[in-house]
2 protein chains.
Amino acid sequence: MSNIGKRRATALKQDAETYTKRRREIFEAAAQLFKKNGYERTSLNDVAEALDSDRATIYYYVASKKELLHEVVRDVVAQTAKEALEIRRRSDPAPAKLRMLIVALMRAYATNFPYQYVYIQEGIAMNDHGDAHLFKLGQQYERCLVDILAEGLADGSFQSASDPKILAYGILGALNWTHRWFNPSGRLSSDEVGETFAELFLRGLSPRDVKAVVKGGARPRIGR
Amino acid sequence: MSNIGKRRATALKQDAETYTKRRREIFEAAAQLFKKNGYERTSLNDVAEALDSDRATIYYYVASKKELLHEVVRDVVAQTAKEALEIRRRSDPAPAKLRMLIVALMRAYATNFPYQYVYIQEGIAMNDHGDAHLFKLGQQYERCLVDILAEGLADGSFQSASDPKILAYGILGALNWTHRWFNPSGRLSSDEVGETFAELFLRGLSPRDVKAVVKGGARPRIGR
């Protein structure tokens with residue numbers, strides 16, 4: 001029996017609850033380090049040190065650093081993609097759905113801090129490791145946002161000369177860039193940030209008003 | 001005399017033009033690789049291979065991978081920060097300055113492709129290497145954007161309940177996130193993307209119109 005095999009067998013003698021709890025502690029420590037130093041520059045040794053443990057012990061719980069990365073982000077990414085599908089499916093008008101989607105994403109970033117930001121930050125590593133499942137979840141989220149924008153543009157509740165896809169990238173950019181500056185224990189709550197961005201984009205997409213028409217040269221037809 | 005010393009001496013016998021040209025080729029190859037695979041996972045060997053050269057030869061031209069990263073981004077980041085200072089200084093109204101700043105940044109991303117995107121992507125590595133000069137240039141750019149937003153909020157040409165800093169992060173987020181999807185040789189020009197974002201944010205920040213006031217419950221005071 002190999003050393004790792006012996007250790008793993010020992011680990012399995014622990015009751016399931018202890019094993020699961022320890023695994024969760026490892027994910028938590030790894031997520032903190034991935035967020036702070038990046039995936040590439042974090043070793044399993046670093047994770048072990050953060051837990052006053054050693055690398056060999058970490059191997060009872062995860063097979064590789066790559067597995068650790070995926071364990072850290074998988075559930076939160078799946079949950080966010082599911083939420084987007086639910087919001088898209090609602091019968092609310094497109095602007096209400098866009099607001100919900102934006103606020104929900106900022107909430108998820110705060111609730112799952114820093115797990116979900118690791119996913120955003122390590123975009124290259126993720127693609128490189130060719131995780132088709134994670135890639136599909138990302139695409140699914142993006143699709144929901146594009147669909148809500150297209151719906152609003154089609155029924156006139158949004159107005160823009162641009163492609164819904166570019167608009168979606170702009171909105172996602174503002175939200176995903178929060179991984180560089182937002183900290184849920186900071187001055188602002190995720191809801192404050194979410195509402196600020198929702199307001200900015202909803203106003204940016206709302207149909208032009210009477211005043212804008214006046215500015216554009218046409219006369220407002222008030223009283224009709 | 002060490003091997004490197006000998007090689008460097010040979011390199012210096014080249015005329016300055018050849019030496020500079022070769023350096024530029026190395027920066028170009030490095031930028032492509034940093035953008036594609038990330039700084040951490042790119043070695044000087046990879047850069048040498050891309051140029052059908054060897055690592056020892058690369059050392060005639062740059063002292064380290066870190067120096068290479070900084071050479072690749074330094075000039076473009078300085079140029080962009082300078083441009084922001086010039087736009088802030090103009091006497092145009094704040095909305096016009098915001099539009100200029102957004103369009104100019106997208107143009108810089110395209111003109112300096114992929115150099116400037118390496119700077120965005122490698123944010124962590126940059127901070128970690130503690131390049132105070134680059135950090136200061138980033139802060140300077142951000143300050144110009146915040147000032148233009150604050151100016152517009154103060155004179156009523158913009159309207160928002162939020163802090164100019166959060167608004168700035170939202171705008172920068174949309175622009176910087178283009179490093180994940182925008183390619184200047186693709187379907188859209190940098191000006192099209194810049195104008196789309198400028199339009200979205202300018203409308204998002206423009207003072208509320210008569211119609212919005214009506215929606216909000218208050219009666220419009222037309223004719224006053």
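User: How far apart should the ends of α5(A) be, and what does the model give?

Analyst: This is a predicted model, and helix α5(A) is a good place to begin. With 25 residues at 1.5 Å a residue, α5(A) should span 36 Å. Its end C-alpha atoms agree with that expectation, being 37 Å apart.

User: Where does α5(A) bend?

Analyst: The bend in α5(A) is about 35°. It falls at a residue that also belongs to the buried set of this helix, alongside others including Leu69(A), Val72(A) and Val76(A). The residue at the bend is Val73(A).

User: Does a similar check on length work for α2(A), and what is the distance between its ends?

Analyst: Helix α2(A) covers residues 16-37, which is 22 residues. At 1.5 Å a residue, the expected span is therefore 32 Å. The end C-alpha atoms agree with this, at a distance of 31 Å.

User: Which helices help to cover the buried residues of α2(A)?

Analyst: The buried residues of α2(A) include Ile26(A), Phe27(A), Leu33(A) and Phe34(A), and Lys35(A) is buried too. What covers them includes four helices of chain A. Those are α3 (44-50), α4 (55-61), α5 (65-89) and α7 (115-121).

User: Which residue follows α2(A)?

Analyst: The residue after this helix has a positive phi, near 90°. It is a glycine, namely Gly38(A).

User: What pattern does chain A follow along the sequence?

Analyst: The secondary structure of chain A has 12 helices and 0 strands. Reading along the sequence therefore gives helix after helix, with a helix being a DSSP run of at least four residues. The pattern is α-α-α-α-α-α-α-α-α-α-α-α.

User: What share of the contacts in chain A comes from residues 24 or more positions apart?

Analyst: Chain A has 224 residues, and 37% of them count as buried. For contacts, consider those with a separation of 6 or more. Residues 24 or more positions apart account for 69% of these.

User: How many residues of domain 1 of chain A are in contact with domain 2 of chain A?

Analyst: Chain A is divided into domain 1 (3-63) and domain 2 (73-215). On the domain 2 side, 7 residues take part in the contact. On the domain 1 side, the number is 6. By class, that domain 1 side has 3 nonpolar, 1 polar and 2 charged residues.

User: Where in chain A is confidence highest, and where is it lowest?

Analyst: The chain averages a pLDDT of 87, and 84% of its residues score at least 70. The highest confidence is in helix α11 (residues 190-205), at 98. The lowest, at a mean of 44, is in helix α12 (residues 210-216). Over residues 210-224 of chain A the pLDDT is below 50.

User: What do the buried residues of α11(A) pack against?

Analyst: Helix α11(A) has 16 residues and reaches 22 Å from first C-alpha to last, close to the 22 Å expected. Its buried residues include Val193(A), Phe197(A), Leu200(A) and Phe201(A). Their partners come from both chains. They are α6 (94-111), α9 and α10 of chain A, together with α10 (164-176) and α11 (190-205) of chain B.

User: Is Ala161(A) buried or exposed?

Analyst: Ala161(A) is found in the loop between α9 (132-155) and α10 (164-176) of chain A. A residue is exposed if 12 or fewer other C-beta atoms lie within 10 Å of its own. Ala161(A) has 7 of them, so it is exposed.

User: How far is Ala161(A) from Leu205(A) in space?

Analyst: In sequence, the two residues are 44 residues apart. In space, C-alpha to C-alpha, their distance is 10.0 Å.

User: Which peptide bond of chain A is cis, with omega near -5°?

Analyst: The proline of this bond lies in the loop between α6 and α7 of chain A. In chain B, a cis bond joins Phe113(B) and Pro114(B), with omega about -5°. In chain A, the cis bond is the one from Phe113(A) to Pro114(A).

User: What is the phi of Asp52(A)?

Analyst: Asp52(A) is found in the loop between α3 and α4 of chain A, and with 6 other C-beta atoms within 10 Å it is exposed. In chain B, Asp52(B) has a phi near 55°. Although it is not a glycine, Asp52(A) has a positive phi, of about 55°.

Definitions and conventions
Residues are numbered from 1 along each chain as its sequence is written. Chains are lettered from A and ligands numbered from 1 in the order in which they are written. This is a predicted model: local features need pLDDT of at least 70, side-chain atom pairs count only at pLDDT 80 or more; totals for chains, interfaces and linings use all residues. Helices (H or I, at least four residues) and strands (E, at least two) are DSSP runs, numbered from the N terminus. The expected span of a helix is 1.5 Å times one less than its number of residues. A residue is buried if 20 or more other C-beta atoms lie within 10 Å of its own, exposed if 12 or fewer, and partly exposed in between; C-beta atoms are placed from the backbone. Two residues are in contact if their C-beta atoms, placed from the backbone, lie within 7 Å. Domain bounds come from an automatic or database domain assignment. Ala, Val, Leu, Ile, Met, Phe, Trp, Tyr, Cys and Pro count as nonpolar, Asp, Glu, Lys and Arg as charged, and the others, Gly among them, as polar. pLDDT is the predictor's confidence in each residue, from 0 to 100. The bend at a residue is the angle between axes fitted to the seven residues ending there and the seven starting there.
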